[in-house]
Amino acid sequence: MMLLVRPLPIAGESAQGYVCRITESNAADYSRWLLSVRTGDVVPIRRLHPIEGLVGRNGICESLRGPISHLNQLNAPDPGGLHGRYWNMQRPRFCPLCLQHSAHWRGAWDLVFVTACAAHGASLIDECFKCGRPLSWNRKQVVACSCGADLRLSKLVKADRHSLQLATALVGRLDRSEGHTVEGFEHLDAISIEQLLRLIWFLGGYGMQSTSKAQKIAGLASMNVAIRVTGEAAHALSEWPNNFHCLLRRIMAERALLGSGNSLALCFGRFYQTLYNAFPEPEFNFLRQSFEAYVSDHWEGQLAERNRRLSKRMRVQHDWVPTKNAARALAVRASMVREFVERGLLVGRLQKTAKGRVMGAISKSSLENLLSDKLHWVTLKTVRTKYGISRRTGHALIEEEVLKPISGPSVDGRQVWLFDDRDLEKLDLSQIGKSCLRKLSTGKVSSHA
């Protein structure tokens, strides 16, 4: 048996929808009937085209879009080369107004994240208004459900703004039209349709569920789930980068409840790794730069050489350094750095590990301020030499709180007294020393160290 009718494909038509249209044109009951054409021999997909010489390298007319699936040897990939994961081959979606205009299935409807009709502003539909069941590809007519209901009579529902924005951006790229810029999404102009789909999957998945397996989205073929994903992605991409930063803040907060440690990998989970591994192209510079801007402003943790995913400029300019680096810069022990944090001389973020070790990071700006202050630190011996006072007088001035040490036995248990010489310049130590000596002579001030 031969195919009696082989209709011409329509530019932008769904490849799976084209198979359905061939089925209808030949008065067959189901699309799988094509598998038995030619007295039981399987028909290669190129045989379905009315002019076999016009098929592309995949054996299917290049004016069609989307793969053909669930038809054994008739299966074929998308002529445009878009990966199968981005196509919805389980539950066909449609726009009633488009079907009224022309009774063929649009390839854009088969994209997993197209949930609205860019031409009419209506939500796509994936179930029959009469029987209530999801549509199937294995049916007699393009414009009718398996139950016989005319899909063109389906009730229209206005699409939400986010779904419509992303549908417009995706359809424009699929059709390779020049003007696919969408207002508010100009930062996406340079990326391709595959890159945009990849980005929607990423941001939408984390917007729905900030878990370690956020990219595994169950039920994506259904409109309800697809609308949620596109809504979360569109919100994150709108008002750039403010809403993207809101998503990062939410991920950080949810990870904090899990007891995340002092590292970006723990703070952001797989989001951090996926961001840099799955989006390495220069077209995604805007995405990585916005992430690094957020980290720079809000991450109170250390960045080390191991954070090679971040730009070198980011690592150098980041305001937080490990406590051991701060200790090395100050030429003190790490324990003293922690004391400086507790006393407010340094701004730091400290936490205990599961093994009891104290880890943390120090604000680089506060470290630089302390290093500047340290240039003015002097010992009690230097103070005595400079102002010509005895050791006994020096201790008397400390007990009288005339000399206010920043470190020493009564401050932090250190053996050596340290003072800020800028504070000393405000004092007339010769006169104050005489006063303290008089008190010492009357026994009012002790002279012990």
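This is a guided tour of one predicted protein model, stop by stop.

**Before you start**

The model is predicted: local features need pLDDT of at least 70, side-chain atom pairs count only at pLDDT 80 or more, and totals for chains, interfaces and linings use all residues. Residues are numbered from 1 along each chain as its sequence is written, and side-chain values use heavy atoms, with hydrogens and water left out.

**Stop 1: the whole protein**

Show everything as a cartoon. The protein has 17 helices and five strands. Both are DSSP runs numbered from the N terminus: helices are H or I with at least four residues, strands are E with at least two.

Now switch on the surface. About 22400 Å² is exposed, and carbon and sulfur atoms supply 50% of it. Accessible areas come from the Shrake-Rupley method with a 1.4 Å probe; for residues, only the protein chains shown count as cover.

Of the 449 residues, 49% count as buried. Buried means under 20% relative accessible area, exposed means over 50%, and partly exposed lies in between (1.4 Å probe, protein chains only).

Contacts come next; a contact means heavy atoms within 4.5 Å. Take those between residues at least 6 apart in sequence: 59% join residues at least 24 apart.

**Stop 2: the largest nonpolar core**

Select Leu-199, Leu-203, Phe-268, Phe-271 and Phe-291. Of the 77 residues in the largest nonpolar core, these touch the most other members. A nonpolar core is a set of buried Ala, Val, Leu, Ile, Met, Phe, Trp, Tyr and Cys residues joined through side-chain atoms within 4.5 Å.

Colour the helices that feed this core. Those that each supply at least two residues include H2 (96–101), H3 (161–174), H4 (193–208) and H5 (223–237). Also among them are H6 (242–257), H7 (264–268), H8 (270–277) and H9 (285–298). H4 gives the most, with nine residues.

Then pick Ala-326, Ala-327, Leu-367 and Leu-418. They are among the 14 residues of a second, separate core.

**Stop 3: Thr-230**

Zoom to Thr-230, in helix H5. Thr-230 is buried, with a relative accessible area of 0%. A polar atom of its side chain lies 3.0 Å from the backbone oxygen of Ile-227. Show the surroundings too. Leaving out residues up to four places away in sequence, Thr-230 touches Phe-113, Thr-115, Ser-163, Leu-166 and Ile-200.

**Stop 4: salt bridges**

A salt bridge is a side-chain nitrogen of Lys or Arg within 4 Å of a carboxyl oxygen of Asp or Glu. By this rule the count is nine. Visit three of them.

- Select Asp-78 and Arg-65. Their side chains meet in a salt bridge at 2.7 Å, N to O. Both residues lie in the loop between helix H1 (15–25) and H2, so the pair ties together parts that are 13 residues apart in sequence. Both are buried.
- Select Glu-194 and Arg-198. This salt bridge spans 2.7 Å, N to O. The two residues lie in helix H4, four residues apart, about one turn of the helix. Glu-194 is partly exposed at 26% relative accessible area, whereas Arg-198 counts as buried at 14%. Add Glu-281 to the selection: Glu-194, Arg-198 and Glu-281 are linked in a network of salt bridges.
- Select Glu-339 and Arg-414. Here the side chains meet at 3.6 Å, N to O. The pair links distant parts of the chain: Glu-339 is in helix H12 (residues 334–342), and Arg-414 is in the loop between H15 and strand S5 (418–420), 75 residues apart. Glu-339 counts as partly exposed at 23% relative accessibility. Arg-414 also counts as partly exposed, at 24%.

**Stop 5: the cysteines**

How many disulfides does the rule give? The count comes to zero, where a disulfide is a pair of cysteine sulfur atoms within 2.5 Å.

Select Cys-95. Its nearest cysteine sulfur, that of Cys-117, is 3.7 Å away. Cys-95 is buried, with a relative accessible area of 0%.

Move to Cys-145. Its sulfur is 3.6 Å from the closest cysteine sulfur, in Cys-147, too far for a bond. Cys-145 is buried as well, with a relative accessible area of 8%.

**Stop 6: helix H15**

Finish at residues 391–399, helix H15. Buried residues here are Thr-393, Gly-394, His-395, Ala-396, Leu-397 and Ile-398. Step on to Glu-401, which follows H15 and has a positive phi, near 65°.

Terms used
A polar contact is a pair of N or O atoms within 3.5 Å; within protein, one must be able to donate a hydrogen and the other to accept it, and residues adjacent in sequence count only if both atoms are side-chain atoms.
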